[in-house]
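Please find below a short note on the structure under review. The comments are set out as numbered points.

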Amino acid sequence: MQVLNRELERISAQYLGGIATDRIATVVAVLLSYVLAHVYRRIPTSGDGAYKHVFSIASTVVLFGAVQEQWWGLVHLLCGALVAHALMKTLRGRGMVAAVFLTAMAHMSYSQIRRQLAETAAADGSVHVDLDHTGAQMVFVIKITSLAWCVYDGTQPQDSLSSYQKKNAVAAVPGLLELLGYVFFFPGLAVGPAFELATYRRMVRLDSLRTLRTQTPRAYRRLGESVVWMAVYVVYGGRYLFPYMATDRFAATHPTYLSKTLYMCAAGVAARAAFYTAWKMSEGACVVAGLGFDGIDNGAARWLDISNVHVRGVELGSSLKTMIDSWNIGTNTWLRHHVYLRILQLSSSRRDTAAAAAAASATATAAGVTFLVSAWWHGFYPGYYLTFVLGAASSNAARTLRRALNPLFVALSVRRPYVKRVYDVAGWALSIYSLDFIVTPFMTLSLSASLRAWAAMLYAVPLGVLAVNVVFNTLGLGHRLRRIHERAKLE
């Protein structure tokens, strides 16, 4: 597809401000997946869905291989799928799950390290890394490790499973063709969303074109939303860059703290616009194909929310927790159901569940392991780990503040309603500021650039987190405020 790439280079230079060709090729591939999704949903559903599996695999070869020129990426994904399938066929129990998880994560880590070693420094101080198959491999890891757990759940007594596990349990290892159709599902291959095999099977078996057509408007609304965010990225993505905050020019061109803050927040919107574009565009194509169908209830079709991001929750969330929970939802779901809760279940089978200390220890262990898995899954740039550590600490500090202050402002707003509105706006402003500060290292990647960018912002969030912990926890102000509120309620 060299002819296509040359044309994309010309379009980028003339109309799109020089956006990297690999990123434009990804958008082109996702847009083409809409056309293919309309064909996909018209394919007759055979007993085992073989025709749809084959069409999905072939579409991925065209889109990911030919259009995006990721032939070696396809080889990596195919090898990963074959190895995982063999492990599921030959091993049993938690040993099988561990083998699939470690093999898939190690393979992905190899790809991520190779990608990191191939990075180049741009003139603006940013780090440029060509898009490759690692993004698709991250989605693949979520799918294949989730499938391993679901196969394990299929061998367990029903009363030992949660409602989520019962719904998604797989009675037997799927055939190789079905597994490849699942992991190579073309609309969501490169950027997600990730989903369970049970969700994929319900989509494959859905053969009512009338039911599918009811979701077409919803799908194209997501495409429209992605186009809006694409415009935001094209216009502002090159003007507001997190790496610029790590340069000496940033301090010279933005002498006041307010101007620095406004630049950082604008860079945050521009950076998120790229993710919104990719995720919403991919989600729309998945909806066209029928992904998210959850059965018929009282004659009406049920549909799952397959969103990978809730934009309103991120941009207008009332708290830092709401913003974080609204971001990268597929990964959060995987970490919750297939890492955190699995570790809790494993711990509960080895201890006396009545022991409060043991329960607290198990919860802390599960949270710690989930944090490490999340960091490992994302990659090895130092900036990622700064973001994760500060994000966790900031979430705890925000929870402490909210528990201490929210009851007081709610009580004050009974006589002065505007107080609660002011409190909510102030909470949103502080949350979005903290979010942009926290993710700065995620975008600058290197340790030195991340620390320079934070230094330009006077390390405000880390110092704020420290102050909250000292004042509200160590010095006991939080406890005193809670006691005041409790006495007020009794009176």
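The points below concern a predicted model.

1. Helix packing. Helix α4, residues 71–90, and helix α8, residues 176–183, have axes that come within 11 Å of each other and cross at roughly 135 degrees. Because angles over 115 and up to 145 degrees are neither roughly perpendicular nor roughly antiparallel, α4 is classed as oblique to α8. The crossing of these two helices is right-handed.

2. Residues in the helix contact. On the α4 side, the contact is made by L78, A81, L82, H85 and M88. Helix α8 contributes L176, L179, L180 and V183. By class, eight of the contact residues are nonpolar and one is polar, while no charged residue takes part.

3. Surroundings of Y385. This residue is placed in helix α18, which spans residues 382–412. Leaving aside residues up to four places away in sequence, Y385 touches A375, W376, G379 and F380. F371 lies 14 residues from Y385 in sequence, and their C-alpha atoms are 9.9 Å apart in space.

4. Accessibility of Y385. Is Y385 buried or exposed? Its relative accessible area is 29%; since the partly exposed class runs between 20% and 50%, Y385 is partly exposed.

5. Cysteines. The structure holds zero disulfides. Two cysteines may be described by their accessibility. C286 has a relative accessible area of 0% and is therefore buried, the cut-off for that class being under 20%. C79 has a relative accessibility of 40% and so counts as partly exposed.

Methods: Residues numbered from 1 in each chain as written. Predicted model: local features only at pLDDT ≥ 70, side-chain atom pairs only at ≥ 80, totals over all residues. Heavy atoms only, no water. Helix = DSSP H or I, 4+ residues; strand = E, 2+ residues; numbered from the N terminus. Buried < 20%, exposed > 50% of the residue type's maximum accessible area, 1.4 Å probe, protein only. Contact = heavy atoms within 4.5 Å. Disulfide = S-S within 2.5 Å. Axes fitted to C-alpha atoms, helices over the stretch in contact; angles between N-to-C directions. Parallel < 35°, antiparallel > 145°, perpendicular 65-115°, else oblique. Left-handed = near helix turned anticlockwise from the far one by under 90°. Nonpolar A, V, L, I, M, F, W, Y, C, P; charged D, E, K, R; others polar.
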